[in-house]
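Here are a few exercises to work through with the viewer open. Try each one yourself before you read the solution.

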Amino acid sequence: MINQQDQKLLMLLRQDARMSISNLARAMGMSRSTVQNRIARLEAGGVIRGYSLEVGGEYSANQVEAHVSIKVHQKLTARTNSSLEQIGEVAQLYSVSGEYDLIAIVQAQSLEALSAVLDQIGNLEGVERTNSAVVLEVRFRR
């Protein structure tokens, strides 16, 4: 069961997953061992599955992101998902309801590279059609 303290801990880790146990404990007004036990319990329970890297600086500033809606031939869904997973620029893939079956979050180093990835996705076996929206500005991300 997740309580308010667990929610606060998760929020702090979302802001900085590398924050030390000591700093987390200070921010939460708890002992180090209590915070460490909470993290261990959240990891063991599958609430925290892992920690990730967030790129920044010039590398991130030059990156182009697009949300790609993908319509898939139903009998080829598993094959298409597997093919999309093999494309390094596909950062996330969501199964969704509505006209399209999937939404892929694609990140590339230039518009030219993005265009090549979009062509690659559109040419995958099982992909019926795509619709892309290039992200112009990130207002906030959690």
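**Exercise 1.** Leaving aside its neighbours within four places in sequence, which residues is N131 in contact with? Place N131 in its element and judge its exposure too.

*Solution.* A word of caution to begin with: this is a predicted model.

Step 1. Find N131 in strand β4, which covers residues 127–134.

Step 2. Look for heavy atoms within 4.5 Å. Skipping the close sequence neighbours, you get H67, V68, S69 and Y100.

Step 3. Now the exposure. The relative accessible area of N131 is 42%. Buried would need under 20% and exposed over 50%, so N131 goes down as partly exposed.

**Exercise 2.** Take S69 from that contact list and look from its side: is S69 buried or exposed, and what does it touch?

*Solution.* Step 1. S69 belongs to strand β1, residues 64–72.

Step 2. With a relative accessible area of 17%, S69 is buried.

Step 3. Beyond four places in sequence, S69 touches Y100, L102, I103, R129, T130 and N131. Y100 also turns up among the contacts of N131.

Step 4. Stay with two of those partners, R129 and Y100. The charged end of R129 sits over the ring of Y100, and the distance to the ring centre is 5.3 Å.

Step 5. What about ring-on-ring pairs? The cut-off is 6.5 Å between centres, and the count of aromatic pairs is zero.

**Exercise 3.** Compare L24 and R38: which helix holds each, and what surrounds them?

*Solution.* Step 1. L24 is in helix α2 (residues 21–28), while R38 is in helix α3 (residues 32–44).

Step 2. Check burial. L24 has a relative accessible area of 0% and is buried. R38 has 15% relative accessibility and counts as buried too.

Step 3. List the neighbours, again dropping those up to four places away. L24 touches L9, L12, L13, M19, V35 and I39. R38 is in contact with N3, Q5, D6, L9 and M30, and L9 is also on the list for L24.

Step 4. Pick out the polar contact of R38: its side chain meets the side chain of D6 at 2.6 Å.

**Exercise 4.** Two loop residues now, Q86 and S110. Where does each sit, and how accessible is each?

*Solution.* Step 1. Q86 falls in the loop between α5 (77–85) and β2 (90–95). S110 falls in the loop between β3 (102–108) and α6 (111–122).

Step 2. Q86, at 62% relative accessibility, counts as exposed. S110, at 23%, counts as partly exposed.

Step 3. Follow the side chain of S110: it reaches the backbone nitrogen of A113 at 3.0 Å.

**Exercise 5.** How far apart in space are residues that are also far apart in sequence? Work out the C-alpha separations for N131 and L24, S110 and I2, L24 and V106, and Q86 and E128.

*Solution.* Go through the pairs in turn:

- N131 and L24 are 107 residues apart along the chain, and their C-alpha atoms are 42 Å apart.
- S110 and I2, with their positions 108 residues apart, are separated by 41 Å.
- L24 and V106 are 82 residues apart in sequence and 33 Å apart in space.
- Q86 and E128 are 42 residues apart in sequence and 19 Å apart in space.

**Exercise 6.** Zoom out. How many helices and strands does the protein chain have, and why is it described as more spread out than a compact globule?

*Solution.* Step 1. Count the elements: six helices and four strands. From the N terminus, the order is α-α-α-α-β-α-β-β-α-β.

Step 2. The radius of gyration is 19 Å, well over the 14 Å that the globule rule gives for 142 residues, so the chain is more spread out than a compact globule.

Step 3. Add the box: along the principal axes, the C-alpha atoms fill roughly 55 × 35 × 25 Å.

Step 4. Turn to the surface. It comes to about 9,800 Å², with 47% belonging to carbon and sulfur atoms, and 28% of the 142 residues count as buried.

Step 5. Finish with contact range. Among contacts with a separation of 6 or more, 63% join residues 24 or more positions apart.

Note on methods:
Residues numbered from 1 in each chain as written. Predicted model: local features only at pLDDT ≥ 70, side-chain atom pairs only at ≥ 80, totals over all residues. Heavy atoms only, no water. Phe/Tyr/Trp six-rings, centres within 6.5 Å; stacked < 30°, edge-to-face > 60°. Lys NZ or Arg CZ within 6 Å of the ring centre and 35° of its normal. Rg over C-alpha atoms; globule rule 2.2 N^0.38 Å. Buried < 20%, exposed > 50% of the residue type's maximum accessible area, 1.4 Å probe, protein only. Areas by Shrake-Rupley, 256 points an atom, 1.4 Å probe, with all protein chains shown as cover. Polar contact = N/O pair within 3.5 Å; in protein donor to acceptor, adjacent residues only side chain to side chain.
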